[in-house]
Amino acid sequence: MKKLLILTTALVATGYAASAQELNIVSWGGSYTVSQVEAYHKPFTEMTGIKINSIDADNPATPVKAQTEAGNVSIDLSDVELSDAIRMCDEGLLEPIDPAILPPAPDGTPATEDFVPGAIQDCAVANIVWGTVVAYDKTKFEGNEPSTLADFFDTTKYPGKRGLLKTAKRTMEMALVADGVAPDQVYEVLGTDEGVARAFKKLDSIKKDIVWWEAGAQPPQLLADGEVVMTTGYNGRFFAAEVGEGKPFGTIWDGEYMDYDLWVIPKGAPHLEDAMKFLAFSTDTQRLADQAKYIAYGPARKSSNALIGMYKDGKTEMAPYMPTNPENMKNPIWTDPTFWADHDAELAEKFNAWLAS
């Protein structure tokens, strides 16, 4: 409470609380946006009077790129993946962010030391660490539940349709790990023609059984509707379906694909000053811990972890569902944003050609 009072006083002193601006913030929709609205948007509006217009997109980097290249920017902040943040920053499409605007941890540790490695970029600041995992319908595999990424590709032992993200990124890495490549060698392998061919060969083994998805809300719905028996998807979405809605889903953590989501501010954002203040507010220790009450994504600050408690239902411990829980991180694939910044267009072209073949 004392910290909140100090922060509020500081904002009033700078004239910030009296601002009447609105902010247009783009995110991914679904339970993820709900967690941001509850943990970030509502308290920020209550403190400052600034209205937040929450806008959903299948990939929030897409409208940022389109608006900045057209010179007609209405977005103030956008929640994007790490590789998109790096690429757009390199292309001059984003505002630089001074880490000095970020509040320290409650014990005084500077933000630059409190955020997990890689979470602060030249033009972006992370809020969550998340995982792409495999979820399955428990009712279809009673007494014989799958437990590895290789099981996802085994339609003989585990028959049924599979849901897969319709992009090269994440899909190709997970195929290689399922084929026996060690996670720490994935990008070395994927950087070769032989490795690309190996990933496609593994995907060929289930191609006739794949149901493709493109938006984060689709995988839990595909499972719930019985269109697939297993699907890749975002761990927080599956948590919301399993715990929040009582769906009979199980999660395979083996080979989870770890990534960050980060706030970026488009070059030429209409309310730059307020956007920076929202960014700093929403990435402080308490706000990141508060988000973890609503969805199972790991906070990007170390100091937030000790504050993670129960789900909003007051009964469910959040820690076992976090992608950053040591029990869930025994064989993770950590994204390589530099690799994807360099190879995204090339592999997307090859992936689309494979889809059409």
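**Figure 1. The second largest cavity in this predicted model holds about 50 Å³ of space.** Nine residues line this cavity: V133, N235, F238, F239, E242, T251, W253, A296 and Y321. Two elements, α11 (235–244) and β9, each give two or more residues to the lining. Helix α11 gives the most, with four residues. What kinds of residue make up the lining of the second largest cavity? Six are nonpolar, two are polar and one is charged.

**Figure 2. The largest cavity has a volume of about 100 Å³.** The count of cavities of 30 Å³ or more comes to two. Lining the largest one are W28, Y32, E81, I128, W130, Y234, R237, D261 and Y297. Six of the lining residues are nonpolar and three are charged. None is polar.

**Figure 3. Strand β9 is mostly covered.** This strand spans residues 249–264. Of its 16 residues, 14 are buried. Look back at the cavities and you will meet β9 again. It is one of the elements that give two or more residues to the lining of the second largest cavity.

**Figure 4. Strands β3 and β5 both pair with β9.** Strand β5 (residues 124–137) runs antiparallel to β9, with 11 bridges between the two. Which residue of β9 is the bridge partner of W130? The partner is D259. W130 also appears in the lining of the largest cavity. Strand β3 (residues 77–81) is antiparallel to β9 as well, and four bridges join this pair. Here S78 stands opposite V264 of β9.

**Figure 5. Strand β11 pairs with β9 in the parallel sense.** Strand β11 covers residues 333–334. Two bridges link β11 and β9. Find M258, then look across to its bridge partner in β11, W334.

**Figure 6. C89 and C123 form a disulfide.** A disulfide is a covalent bond between the sulfur atoms of two cysteines. In this model the count comes to one disulfide. The sulfur atoms of C89 and C123 are 2.0 Å apart. Is this disulfide right-handed or left-handed? The torsion about the S-S bond is about 50°, so the disulfide is right-handed. C89 lies in helix α4 (residues 82–90), while C123 lies in the loop between β4 (120–121) and β5, so the bond ties together parts that are 34 residues apart in sequence. Are C89 and C123 buried or exposed? Both are buried.

**Figure 7. Helix α4 is largely enclosed by the rest of the structure.** Why say so of α4? Seven of its nine residues are buried, so the rest of the structure largely encloses this helix. The buried ones are L82, S83, D84, A85, I86, M88 and C89. The last of these names is familiar: C89 is a partner in the disulfide. What covers the buried residues of α4? The cover includes two helices, α3 (61–70) and α14 (337–356). It also includes the strands β3, β4, β5 and β9.

**Figure 8. G92 takes a positive phi just after helix α4.** The phi angle of G92 is about 75°. To place this residue, start from α4, which spans residues 82–90. Then move just past the helix to G92.

How values were computed
Residues are numbered from 1 along each chain as its sequence is written. This is a predicted model: local features need pLDDT of at least 70, side-chain atom pairs count only at pLDDT 80 or more; totals for chains, interfaces and linings use all residues. Side-chain values use heavy atoms; hydrogens and water are left out. Buried means under 20% relative accessible area, exposed over 50%, partly exposed in between (1.4 Å probe, protein chains only). Two strands pair if DSSP finds at least two bridges between them. A disulfide is a pair of cysteine sulfur atoms within 2.5 Å. On a 1 Å grid over the protein atoms alone, a cavity is a set of points where a 1.4 Å probe fits but cannot get out, and a pocket is an open set with protein on both sides within 12 Å along at least five of seven lines; lining residues have an atom within 4 Å of a point. Grid points are joined across faces, edges and corners, and a volume is the space filled by probe spheres set on the points. Ala, Val, Leu, Ile, Met, Phe, Trp, Tyr, Cys and Pro count as nonpolar, Asp, Glu, Lys and Arg as charged, and the others, Gly among them, as polar. Contact means heavy atoms within 4.5 Å.
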